[in-house]
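Thank you for coming, everyone. Please take a moment with the sequence and the structure before I begin, and then I will walk through a few pairs of charged side chains and one helix.

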Amino acid sequence: RPGTTGRHVDESLVSLEDVTATLLALAGVERPAYYDSIPLPGLGLDGPNRERIFGFLGNALMNFDGRHKWVKYDSGEQLLFDLETDPQEMNDLIDVADHQPVRRRLTELLQSELYGSDLDWIRDGQFVGLPNEPDDKAPDRTLSLQRGRHWPVPPQS
C-alpha cells in the first residue's frame, strides 16, 4: 500500500528459509526441488507467494496462515490467535466456538506436512505432544572447558 513517501509495503508471508531461494534466483541458479524455500516476493522473480508458515518453536509446533497462528506445545497445551485483531497475541481463541473451523484447518494442514520423527506428535489422528523423557543424569557442574584459566584448553598429552 502506498505510504506518504511513495514506498510500497509488501505484506506477503516470508520465512528466513526464503533467503536461500531468493539468492539462488538472483544468481540465476535453479532452486533444488527438495527446497521448501521460495523467492521473496516483490523482486520480480517468478514463484508463488507463501500461503503459510510451519515451524518448530523449541517444544512447540506452529502453523501461521498470515492471519491466524495456531501453536501446540509438547505438553498438550494449544493456543490460537487472530493476529489481524490481536497482533500482540493477548487473546487465546482456542476454545472459542466461532474459531473451531480455523483451528481444525490449521491443525489438519500441519498434520499433512509432518513426516519422520515429527509423526511422534500424533496418535490416533490427534496431536498429543511428545512423551516426557526421564532426565536421570546429574548435571555436569565441573569447570572443564569454561573460560578462565582453563581457556584455551591446554595441549593434552
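**Salt bridges and a helix**

Let me start with Arg105 and Asp65, whose side chains meet in a salt bridge with an N to O distance of 2.7 Å. This pair links distant parts of the chain, since Arg105 sits in helix α2, residues 100–113, while Asp65 belongs to the loop between β2 (60–64) and β3 (68–73), 40 residues apart. Please keep in mind throughout that this is a predicted model.

How exposed are the two partners? Arg105 counts as partly exposed because its relative accessibility is 35%, whereas Asp65, with a relative accessible area of 19%, is buried, because buried means under 20%.

As general background, side chains of opposite charge can pair when their charged atoms come close. In this structure there are six salt bridges, and I would like to show you some others.

One of them joins Arg50 and Asp18, with 2.3 Å from N to O. Here Arg50 lies in the loop between α1 and β1 (53–56) and Asp18 lies in helix α1, so the pair ties together parts that are 32 residues apart in sequence. Arg50 counts as buried at 15% relative accessibility, and Asp18 counts as buried at 1%.

Another salt bridge is formed by the side chains of Glu89 and Lys69, at 3.0 Å from N to O. This pair, too, links distant parts of the chain, with Glu89 in the loop between β4 (78–82) and α2 and Lys69 in strand β3, 20 residues apart. Glu89 is partly exposed, with a relative accessible area of 26%, while Lys69 counts as buried at 18% relative accessibility. There is also a network, in which salt bridges that share partners join Arg67, Asp82 and Glu84.

Let us now turn to helix α1, which covers residues 18–26. Are Thr22 and Leu23 buried or exposed? Thr22, which lies in this helix, is buried, with a relative accessible area of 5%, whereas Leu23, also placed in α1, counts as exposed at 54%.

What does Thr22 touch, leaving aside its neighbours within four places in sequence? Thr22 is in contact with Ile38, Pro39, Leu40, Leu43 and Leu45, and the C-alpha atoms of Thr22 and Pro39 are separated by 4.1 Å, although these residues are 17 apart along the chain. Leu23, for its part, joins Leu16, Val19, Leu26 and Leu43 in making a nonpolar surface patch of about 520 Å².

Definitions and conventions. Residues are numbered from 1 along each chain as its sequence is written. This is a predicted model: local features need pLDDT of at least 70, side-chain atom pairs count only at pLDDT 80 or more; totals for chains, interfaces and linings use all residues. Side-chain values use heavy atoms; hydrogens and water are left out. Patches are made of residues with over 30% relative accessible area and no salt bridge: like charges are joined within 9 Å, nonpolar side chains (Val, Leu, Ile, Met, Phe, Trp, Tyr) within 5 Å. Accessible areas come from the Shrake-Rupley method with a 1.4 Å probe; for residues, only the protein chains shown count as cover. A salt bridge is a side-chain nitrogen of Lys or Arg within 4 Å of a carboxyl oxygen of Asp or Glu. Helices (H or I, at least four residues) and strands (E, at least two) are DSSP runs, numbered from the N terminus. Buried means under 20% relative accessible area, exposed over 50%, partly exposed in between (1.4 Å probe, protein chains only). Contact means heavy atoms within 4.5 Å.
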